[in-house]
Amino acid sequence: MGIVDGLKRQLRSVIEWRDTDPNQIFYQWSDNGDEIKNASKLIIGPGQGCIFVHEGIPKAMIVKNGVVNLETANIPFWTTIKKFMQFFESEHKVGIYFFRTTKILNQKWGTNSVIKYEDPKFHFPVGLRAFGNYSFRIRKPGHFFVNVVGSNNEFSVTQFRDVMNARLLQPLTDYLAESKYTYTDIDSHRDQISADLLEKLASEFTKLGFTLTDLRIEGTDFDEDTMDRINRIADVTAEHHAATAAGMDYASLQKVEAMREAARNEGGGAGVGMGIGAGMGFGQMMAGSMGDKLVPDTGSGVNEDDPMVKLTKLKKMLEAELITQEDYDEKKKEIMSQF
């Protein structure tokens, strides 16, 4: 049985790539590992090409699909093969590799680490991640075999994606650093960035033997530190617009916020008096900006009957030790009952 099987392999009359896996780009033809012997026909299916390799070096290639009679066809591909074989017995180890000539569509890519560059407008470090898809086809099968496939018996789309992703990060980082896009421009310019990046990558990948036919950025996101900075900018911008709507400048709004915060806190070095005073100042500033007054004008600018004024004076008397803590608590309770 072993002898019969050996004769069948030696008398093999057809070389073809059957039942192709859509994930495969390159595939080494072999029948149970035997050398090329007594082969008379080469079948190239639709979307396929074929390379004859001798000692790891591509020697001949055919890309036109159809059936080729290797024994009688006077073509460079078979002529080259015969130079390395005597009576259909190979002088050296040779191989035939099939490859895909069709466009390979919609392959996913994503940055495997954060892209870091300085925002040209706000001058803070940006950490960006991006993802998308691309399509490609083998342009120079010989280059692809030498530079990418190497000694592998086959090469898959999955393996190609690893090659692609490893080479995307640095060009994209350089591009963002040079393009002067602020973080707010990234999403609105994704199509332009994709087109520019495709052009930037073209020459690099041509050297490897394939062509990127298109490349798209589907989405981006920023790292946590960048989002913190962006949110702070958004808060300040919102406050600026609020101040403008209230007829105030941003500096005045900041003072108002400081007074309001002080008014919320009775404790601390300022105590109740400073808190209430800040609250009064806040109220007067806001009333003034709206063309009104918080308290009636008594000529001196202070309403002596206002409970907040009384509490302020009471606190000062306590701090000057003119009254006891017990007197202060009792009088404070009486004044607070007026609210």
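The following questions and answers concern salt bridges, a helix, paired strands and a buried serine in a predicted model.

User: How many salt bridges does a search of the whole structure find?

Analyst: The model is a predicted one. Among the pairs found are Arg18 with Glu16 and Asp214 with Arg216. For the whole structure, the number of salt bridges is six.

User: Is Arg18, which meets Glu16 in a salt bridge, buried or exposed?

Analyst: The side chains of Arg18 and Glu16 come to 3.6 Å, N to O. Glu16 has a relative accessibility of 22% and therefore counts as partly exposed. Arg18 has 59%, and the limit for this class is over 50%, so Arg18 counts as exposed.

User: How many residues apart in sequence are the parts tied together by Arg129 and Asp221?

Analyst: Arg129 and Asp221 form a salt bridge, with 4.0 Å between the closest N and O atoms. Arg129 belongs to strand S12 (residues 125–138) and Asp221 to strand S14 (residues 210–222), so the pair ties together parts of the chain at a sequence separation of 92 residues.

User: Which class of accessibility applies to Arg129 and to Asp221?

Analyst: Buried residues have under 20% relative accessible area and exposed ones over 50%. Arg129 has 36% and Asp221 has 35%. Both values fall between these limits, so Arg129 and Asp221 count as partly exposed.

User: Which residue of the salt bridge between Asp214 and Arg216 counts as buried?

Analyst: The side chains of Asp214 and Arg216 meet at 2.5 Å, N to O. Arg216 has a relative accessible area of 32% and is partly exposed. At 19%, under the 20% limit, the residue that counts as buried is Asp214.

User: What distance does helix H6 reach from its first C-alpha to its last?

Analyst: Helix H6 covers residues 224–245 and has 22 residues. At 1.5 Å a residue, the expected span is 32 Å. The distance reached in the model is close to this, at 31 Å.

User: Why do the buried residues of H6 lie on the same side, and what arc do they cover?

Analyst: The buried residues in H6 are Thr226, Ile230, Ile233 and Ala243. The face turned away from the buried side carries the exposed residues Glu224, Arg232 and Ala245. The four buried residues lie on the same side of H6 because they cover an arc around the axis of only 145 degrees.

User: Which residue, with a positive phi, follows H6?

Analyst: H6 ends at residue 245. The residue with positive phi that follows H6 has a value near 75 degrees, and it is Gly247.

User: In S6, which residue is the bridge partner of Leu42?

Analyst: Along strand S3 (residues 41–44) the side chains alternate, with Leu42 and Ile44 buried on one face and Lys41 and Ile43 pointing to the other. S3 runs parallel to strand S1 (residues 14–16), joined by three bridges, and Ile43 stands opposite Glu16. S3 also pairs with strand S6 (residues 66–69) in the antiparallel sense over four bridges. Within S6, the bridge partner of Leu42 is Val68.

User: The side chain of Ser135 has a polar atom 3.3 Å from the backbone nitrogen of which residue?

Analyst: Ser135 is placed in strand S12 and counts as buried at 1% relative accessibility. Residues that Ser135 touches include Lys103, Asn106, Thr211 and Asp214. The backbone nitrogen at 3.3 Å from a polar atom of the Ser135 side chain is that of Asn106.

Note on methods:
Residues numbered from 1 in each chain as written. Predicted model: local features only at pLDDT ≥ 70, side-chain atom pairs only at ≥ 80, totals over all residues. Heavy atoms only, no water. Buried < 20%, exposed > 50% of the residue type's maximum accessible area, 1.4 Å probe, protein only. Helix = DSSP H or I, 4+ residues; strand = E, 2+ residues; numbered from the N terminus. Expected span 1.5 Å × (residues − 1). Arc of directions from axis to C-beta. Pairing = 2+ DSSP bridges. Polar contact = N/O pair within 3.5 Å; in protein donor to acceptor, adjacent residues only side chain to side chain. Contact = heavy atoms within 4.5 Å. Lists of a residue's contacts leave out its neighbours within four places in sequence.
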